[in-house]
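Subject: Structure handover

Hello,

Here is the structure for your files. My notes on it come after.

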Amino acid sequence: ILYALSPIPLQVDGLFIIGWMYLPPHDPHVDDPMRFKPLFRIHLMERKCATVECMYGHKGPHNGHIQIVKKDEFSTKCNQTDHHRMSGGRQEEFRTWLREEWGRTLEDIFHEHMQELILMKFIYTSQYDNCLTYRRIYLPPSSPDDLIKPGLFKGTYGSHGLEIVMLSFHGKKAKGTKITGDPNIPAGQQTVEIDLAHPLQLPDIENLRDFSELSRIVLEVQEQVRREEQEQEHQQEEEDCSQPAASQPAAKPLGGEGAEGEETAAGAAGTTQEKAPASQPFVLPMGVISRNEDYPRTCRICFYGTGLIAGHGFTSPERTPGVFVLFDDDRFGFIWLELKSFSLYSRIKVSFQNAEAPSREAFDEMLKNIQSLAT
């Protein structure tokens with residue numbers, strides 16, 4: 001059962017319920033497997049006795065607490081936060097965190113802006129080492145007509161490192177929602193949106209190296225999308241004026257959330273894929289920065305999309321144009337036109353061995369019993 005903060009898989013292993021911190025690999029190795037770190041453990045010693053242990057820090061298990069907040073949400077609290085501290089103080093804690101979370105030392109990071117972002121992330125995460133709240137993650141449904149199977153992906157985000165994104169399909173749109181966030185764009189925000197009704201025909205490989213050529217193509221589609229949205233709004237206003245309020249049909253949501261919209265979108269995407277070649281050469285334009293240069297050199301299809309950018313603290317957020325690039329069933333990319341940056345995403349593939357996950361109902365009942373026992 002997946003819960004977010006990081007997110008956390010919860011599993012029953014013998015007489016223990018263990019919460020594992022679910023961490024992306026070290027930047028920029030997006031295809032490497034996920035990393036696991038125990039965060040808390042619930043020991044079911046007897047029928048009417050249970051203990052909660054915090055596993056955070058480097059001094060071993062220590063006393064903790066767990067409680068239900070509301071449906072699909074619970075919180076854990078550490079009662080001995082001194083176990084999280086190190087003898088060398090915050091400087092030693094920061095250097096240890098840097099080695100574990102980033103796989104490097106402070107001396108390895110020469111870029112001043114990157115140093116600032118990493119320090120901000122450390123300060124942000126270390127504020128919540130004693131009390132954490134988790135909300136259940138509902139993975140998106142899958143349809144045979146989807147471009148690829150939806151789910152969780154690891155993605156490169158420049159100096160922010162790797163983050164986890166959930167890809168889902170909604171009629172004529174596909175959305176990438178952040179499961180983990182950063183000082184600019186927090187978790188829960190829609191980082192990218194893909195317009196499946198507007199595929200992009202990339203230029204030949206030589207012209208693709210020219211950023212201005214790719215920019216011209218994308219901005220032309222952006223203008224086309226803007227005109228279409230204005231026409232739809234104008235038509236809707238005319239329909240509203242021409243029909244009595246009582247007899248107005250229910251308006252279809254933009255993006256085709258209903259079955260009819262999904263069929264239309266699936267048909268459009270299917271037609272596009274039939275016309276498009278099985279694969280085509282791909283290379284990033286000159287001047288576009290990528291944390292991972294080991295991206296695929298062929299792609300299946302590209303679509304117009306928008307990406308969310310903002311200042312520190314999620315200030316002045318805005319959606320900017322970009323290119324969604326589908327490489328294969330498990331990898332896609334996004335070119336952020338305004339940032340001249342490229343994000344590569346790789347599917348998360350995880351299977352737990354020698355542990356059995358309880359059903360949602362069974363786990364919720366266990367948490368209620370444990371809370372009453374622990375208190």
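The notes below go from the whole chain to one strand and its neighbours.

This is a predicted model, in which local features need pLDDT of at least 70 and side-chain atom pairs count only at pLDDT 80 or more, while totals for chains, interfaces and linings use all residues. Residues are numbered from 1 along each chain as its sequence is written, and side-chain values use heavy atoms, with hydrogens and water left out.

The protein has 6 helices and 19 strands (DSSP runs, H or I of at least four residues for helices and E of at least two for strands, numbered from the N terminus). Of its 375 residues, 44% are buried (under 20% relative accessible area, 1.4 Å probe, protein chains only). The exposed surface comes to about 19,600 Å², with carbon and sulfur atoms supplying 51% (Shrake-Rupley method, 1.4 Å probe).

Strand S19 covers residues 341–347, and 7 of its 7 residues are buried. One side holds Ser 341, Ser 343, Tyr 345 and Arg 347, the other Phe 342, Leu 344 and Ser 346.

S19 pairs with these strands (pairing needs at least two DSSP bridges between two strands):

- S18 (residues 331–336) is antiparallel to S19, with 6 bridges; Ile 335 has Phe 342 as its bridge partner. The hairpin of S18 and S19 has 4 residues between the strands, and Lys 340 takes a positive phi near 50° there.
- S9 (residues 151–156) is also antiparallel to S19, joined by 3 bridges, and Lys 154 stands opposite Ser 346.
- S14 (residues 289–290) runs parallel to S19 over 2 bridges, with Ile 289 partnered by Ser 341.

Regards

Note on methods
Buried < 20%, exposed > 50% of the residue type's maximum accessible area, 1.4 Å probe, protein only.
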